[in-house]
Amino acid sequence: MRQNLYEAQPGKEYTILATPDYKLLSSIGLFSGAKVKMESRYGLGGPVSLSLSTKKIAVGKDLATQIYVREVQ
Amino acid sequence: MGRSCHELQEDREVLELRDKILLMGPPNVGKSVFFSELTSIHVVSSNYAGTTVSYMKGTVSLNGRAYNLLDVPGTYSLAATSLAEEVALQFLASDPLAILFVLNAADLEGSIKLLLEVLEFEIPVVAALNLADVASRKGMEIDLELLQQELGVPIVPTVAVKRQGLRELVDELSRVVASSEAAAASVKRAEEARRGSDLELWQRAQQITAKCLRWTNGKPSRLDRLGDAMLKPWPGIPLAVLVILLSVGVVVGAGKALRAVLLLPLVNGFIVPFFEGLFSRFALPAVVHNVLIGEFGIFRISFEWILALVMPYVLLFQLVFSFLEDSGVLPRIAVLFDNIMRKLGVQGGSLISIMLGYGCAVPAIIGTRTATTRKERLIVTTIICFAVPCISQTGALFSLLSAYSYWLVLAVLAVGLLVFALVSVLTSRFLQGTVDPLVIEIPNLLIPEPRAYFKKFFIRAKHFVVDAEGPMLVAVVIAALLAETGILTGLSTVLRPLVSGWLGLPPEASMSLILGIIRREMSVAPLLALQLDGLQVFVGAVVSLIYLPCMSVFGILAKEFGAKVAVAIGAGTTVTALFLGGVLNHLIRFLLSFA
């Protein structure tokens, strides 16, 4: 099922399907095909935090809602 | 980007240096440690780990010769998405002899990807595989032989904070530099470098990582678990608040204690009496005597203000802030409070520059170069100039306010935060352009290694003494001349309608407005000597909080944004400070008349 990253469930793993054209995302390693594990979502319009290979990153809500992912079964 | 030439003007001299070796690597890999261990530092432009966006220059001795080692800002890529990346690109294009690249063993993939980008410039590279200890704690085993083969560069494993592997690294660098000099003509220019797409580079980095990295059972340390906990909303937010309160408590509390127990007795009991005795031996004219050692004499207030008022807070702040920076706490705070910052029109990442600004605005404004848009840089810079007092000023304000009541400390803090929020909301509303959302890597939580930590602390402390001492002494001399020659009396008469009529302060407080032009804390210091009531203390503190940023800040504003922005911020802060101060004075006086 295709959903946006902001709505992903903490603890589950996802494959990135599409990202907006935003250079910083690919330079940090978030591009379509990459696998991420959703860690936390922060309330009140906060970001989401993710595990991406060996590192942890956080992505603001306005970007996360534009990144589409599919859960890894 | 047209603005880059203007904003990066000061780098030109460095770009033209000969015999350059670049120190490069992703953020949070400990490049600054390599830099301070390998060099005798000559020029320090700024040194803020993880937020270094200016460069540092030092010399390193190889094969018995001195070479310039330049610490290039840490970036994730060379895509020129921020000024920091542009700076990195300019350095690469400036014909360096070699690159010392620091790989993060705990994030091999990301650092290999950046290295692949760097390798496209075809400059000889020596790599250090740093944080090997963190990687093995996490259960990663790296095949060094294979990695060297895949990347085609010599790699030396290091734990830089413990000086492990540094000698081998210098040997390897000497060798590479020697052969680079022999083949200097073959170095390709940056413009000609072939650039693979980000995706290609990531795929290649993934392949190499998959070949060279093996996972074993890692034992996450207690620190790793704390690092993870600090990142979750619960218990992360209470922990972050606790860390901030604790840091403020240590700086302010220990600063006050140091002042009361050690510095004030030293200044009032020994230093000032010594100079009083000294100067009374000569039959000096009264004016000269007073300028030297009168109530506002140079040899009295330079010690009372600089040594006893500013020094303790500045040093303690550096001590605490360096720890926060090196430990990896700051990016966690940025993530946890991104939601609030987003509502104020910026993003959590700007909090790192802003927190830096509570130390000193100059590195904080340089630090905004990590921002991806000019609008964000301008918002953050405006917030820092209007609402973020530097630590010297905070120390002075705290001494002034706490002598009257701790409630006043809280009241001024509340005004500061309110102005912070207002400036942020208004500038983000009315400035043109956009602010990009948060994208940030969260480093491992670390306990800073004492050697590297104290070395950094001493460099910063020395810098404060070198950079700030001059302007502070100028302010002191002006204060002495104003107060002890009668000029102040005349000036106070002229400014009386403003200072007394509007702000409700004694006329002599006009000195604050004059000295505040030079340095921020100098607008507070004269108030300490006046007999003020609670309202006057509050109004004086609010005015000096918002009033002009200091001269050095004007310098950096003009350099980074141009004269127009500097003048606008100067006029804006002055008008706002005086307006708000007067309104508060009259409003509270009016309300008190009912009590």
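## Surroundings of B:Ala105

B:Ala105 is in contact with B:Leu129, B:Asn130, B:Leu131, B:Ala132, B:Val134, B:Ala135, B:Met140 and B:Ile142, when neighbours within four places in sequence are left aside. The structure is a predicted model. Two of these partners, B:Leu129 and B:Asn130, belong to strand S6(B), where B:Leu129 points one way and B:Asn130 the other.

Strand S6 of chain B covers residues 125-130, and 6 of its 6 residues are buried. B:Val125, B:Ala127 and B:Leu129 project to one side of the strand, while B:Val126, B:Ala128 and B:Asn130 project to the other; all are buried. S6(B) pairs with strand S5 of chain B (residues 98-104) in the parallel sense, over 6 bridges. Within this pairing, B:Asn104 has B:Asn130 of S6(B) as its bridge partner.

## The nonpolar core of chain B

B:Ala105 also appears in the largest nonpolar core, which has 197 residues. The residues with the most contacts inside this core are B:Ala98, B:Phe101, B:Ala105, B:Ala361 and B:Ala479. Helix H13(B) gives the most to the core, with 14 residues. The core lies between domain 1 (3-215) and domain 2 (234-438 + 446-592) of chain B, because both domains give residues to it. In soluble globular proteins, nonpolar side chains tend to be buried together.

Helix H13 of chain B spans residues 298-327 and includes B:Ala308. B:Ala308 counts as buried because it has 21 C-beta neighbours inside 10 Å, and the cut-off for a buried residue is 20 or more. Not counting residues up to four places away in sequence, B:Ala308 touches B:Arg259, B:Leu263, B:Leu264, B:Val267 and B:Phe303. The C-alpha atoms of B:Ala308 and B:Ala260 are separated by 8.8 Å, although these residues are 48 apart along the chain.

## Overall form of chain B

Chain B contains 27 helices and 10 strands. Its radius of gyration is 26 Å, close to the 25 Å that the globule rule gives for 595 residues, so chain B is as compact as a globular protein of that length. The C-alpha trace spans about 80 × 55 × 45 Å along its principal axes. The domain assignment divides chain B into domain 1 (3-215) and domain 2 (234-438 + 446-592), and the centres of the two domains, taken over C-alpha atoms, are separated by 37 Å.

Of the 595 residues of chain B, 50% count as buried. Among contacts in chain B between residues at least 6 apart in sequence, 75% join residues at least 24 apart.

## A partly exposed site in helix H27

B:Thr574 lies in helix H27 of chain B, which covers residues 563-592. This residue is partly exposed, because 17 other C-beta atoms lie within 10 Å, a count that falls between the limits of 12 or fewer for exposed and 20 or more for buried. Leaving aside neighbours within four places in sequence, B:Thr574 is in contact with B:Tyr547 and B:Leu548. The C-alpha atoms of B:Thr574 and B:Leu548 are separated by 5.7 Å, with their positions 26 residues apart along the chain as counted by their separation.

## Overall form of chain A

Chain A has 2 helices and 6 strands, and its elements run β-β-α-β-β-β-α-β from the N terminus on. The radius of gyration of chain A is 11 Å, which agrees with the value near 11 Å for a compact globule of 73 residues. Along its principal axes, the C-alpha trace of chain A spans about 30 × 25 × 25 Å.

Buried residues make up 45% of the 73 residues in chain A. Among contacts in chain A between residues at least 6 apart in sequence, 50% join residues at least 24 apart.

## Contact between chains A and B

The contact takes 27 residues from chain A and 29 residues from chain B. On the side of chain A that touches chain B, helix H1 (23-28), strand S5 (55-59) and helix H2 (61-64) each supply at least two residues. H1(A) provides the largest share of that side, 6 residues. The residues of this side of chain A divide into 11 nonpolar, 11 polar and 5 charged.

Strand pairing also joins the two chains: S5(A) and strand S10 of chain B (residues 439-442) pair in the antiparallel sense over 4 bridges. In S10(B), B:Glu441 is the bridge partner of A:Ile57.

Definitions and conventions
Residues are numbered from 1 along each chain as its sequence is written. Chains are lettered from A and ligands numbered from 1 in the order in which they are written. This is a predicted model: local features need pLDDT of at least 70, side-chain atom pairs count only at pLDDT 80 or more; totals for chains, interfaces and linings use all residues. Two residues are in contact if their C-beta atoms, placed from the backbone, lie within 7 Å. Ala, Val, Leu, Ile, Met, Phe, Trp, Tyr, Cys and Pro count as nonpolar, Asp, Glu, Lys and Arg as charged, and the others, Gly among them, as polar. Two strands pair if DSSP finds at least two bridges between them. A nonpolar core is a set of buried Ala, Val, Leu, Ile, Met, Phe, Trp, Tyr and Cys residues joined through C-beta atoms within 7 Å. Domain bounds come from an automatic or database domain assignment. The radius of gyration is taken over C-alpha atoms; the globule rule is 2.2 Å times the number of residues to the power 0.38.
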